[in-house]
Amino acid sequence: MNIVITGGAGFIGANLCKELVSRPGISNVVALDDLSTGSAANLAGTGVELVEGSILDRELLDAVLHRADAVVHLAARPSVPRSLEDPFASHEVNATGTMRVLEACRARGVHVVAASSSSVYGSVPDLPKHEELPTRPLSPYAASKLATESYVLAYGSAFDLPTLALRFFNVYGPLQPAGHAYAAVVPAFADAMMRRVPLRVFGDGRQTRDFTYVGTVARILADAALRRVTSSSPVNLAFGTRVSVLDLAQRMASVLDAPLEIVHEPPRRGDVRDSQADDRLLRELFPDVAAASFDEGLTETLRWF
Ligand code: NAD
């Protein structure tokens with residue numbers, strides 16, 4: 001089986017590439033990545049071929065997808081704050097880029113598994129978030145990910161393309177970069193603890209997130225591609241573990257046996273207050289999935305740091 005991973009040199013993509021090369025029945029894994037936030041070093045030693053270029057490049061996409069049996073589409077301009085600074089750039093990669101990938105797949109009937117985001121639920125207050133809830137994006141990033149999944153589902157129904165749109169929640173684990181302005185909360189906290197500087201918490205820290213270990217995400221994505229899993233509705237990819245940002249900080253400090261010092265900053269525009277997945281649909285589609293516990297995942301992540 002030949003699998004193409006767009007965004008394959010990024011955090012989740014490179015973890016998926018590692019998972020795929022360990023599976024039987026995979027003859028070729030290709031990562032297509034423009035290295036805007038990903039890095040070739042993430043794929044070192046995997047044997048995965050890296051094609052450097054953009055999903056917006058139609059000819060390159062056609063060439064890369066020529067022999068693909070499945071595409072896992074992860075390439076995106078991530079981050080809510082980045083989308084507030086340049087909404088159009090987020091739209092171009094996340095919405096137009098997704099259409100480019102879908103068009104290239106449509107021509108060949110290639111199965112597509114794509115990354116959406118829990119941010120699409122936005123200001124909807126209900127918990128847990130189940131897939132039938134309305135979507136009310138709070139940021140251009142969230143709107144662009146809603147466009148991503150909408151196009152994926154539309155190509156499924158309009159062209160019978162086999163597709164699956166997964167709403168990732170807060171994914172964390174090895175290879176997730178720290179030390180830049182848009183770093184996710186787990187690597188940002190880990191980095192601050194290692195450097196013995198206070199953790200920056202936006203708002204009161206009581207906002208909650210559903211953290212999913214990247215190893216679990218990679219296993220689900222690999223299964224989805226290998227078993228050609230499809231769904232006509234979006235599917236949450238998280239397991240309903242609701243942890244506050246303050247609780248996260250405390251658990252990380254206790255794994256590292258580090259002192260905990262926090263500075264509070266104003267809440268960030270575009271951030272949702274609470275997040276927790278309803279995982280029933282996920283478990284129906286992936287009945288054999290074994291999710292890493294939060295403490296196991298944190299321990300692995302901090303060992304990597
Ligand atoms: P990441 O930034 O590490 O990965 C994105 C990859 O896409 C990077 O390697 C980047 O270089 C590449 N890329 C960007 N623009 C491209 C383009 N035009 N052409 C080709 N490659 C391009 O981020 P990640 O956390 O690994 O995210 C992967 C996917 O999961 C994204 O679609 C993101 O929106 C989604 N997601 C992630 C999370 C999370 O918690 N990490 C949550 C929800 C959704």
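Trainee: What makes up the area that the chain exposes?

Mentor: The chain exposes about 13200 Å², of which carbon and sulfur atoms supply 49%, with areas taken from the Shrake-Rupley method with a 1.4 Å probe, where for residues only the protein chains shown count as cover. This is a predicted model, in which local features need pLDDT of at least 70 and side-chain atom pairs count only at pLDDT 80 or more, while totals for chains, interfaces and linings use all residues. Residues are numbered from 1 along each chain as its sequence is written, and side-chain values use heavy atoms, leaving out hydrogens and water.

Trainee: Why is the chain called as compact as a globular protein of its length?

Mentor: The radius of gyration, taken over C-alpha atoms, is set against the globule rule of 2.2 Å times the number of residues to the power 0.38. For 305 residues the rule gives 19 Å and the chain has 18 Å, which is close, so the chain is as compact as a globular protein of that length.

Trainee: Why is the pair Arg167 and Glu149 called a salt bridge?

Mentor: The term asks for a side-chain nitrogen of Lys or Arg within 4 Å of a carboxyl oxygen of Asp or Glu, and the side chains of Arg167 and Glu149 meet at 2.6 Å, N to O, so the pair meets the definition. Arg167 lies in strand 6 (residues 163–168) and Glu149 in helix 5 (residues 140–159), 18 residues apart; helices (H or I, at least four residues) and strands (E, at least two) are DSSP runs, numbered from the N terminus.

Trainee: How do you know whether Arg167 and Glu149 are buried or exposed?

Mentor: Buried means under 20% relative accessible area, exposed over 50%, and partly exposed in between, with a 1.4 Å probe and protein chains only. Arg167 has 2% and Glu149 has 3%, so Arg167 counts as buried, and so does Glu149.

Trainee: What makes Arg200 and Glu265 a link between separate parts of the chain?

Mentor: Their side chains meet in a salt bridge at 2.9 Å, N to O. Arg200 lies in strand 8 (residues 199–202) and Glu265 in strand 12 (residues 262–265), so the pair ties together parts that are 65 residues apart in sequence. Arg200, at 48%, is partly exposed, and Glu265, at 25%, is partly exposed as well.

Trainee: How many salt bridges does the structure hold?

Mentor: The structure holds 15 salt bridges, including the one between Asp62 and Arg108, whose closest N and O atoms are 3.6 Å apart.
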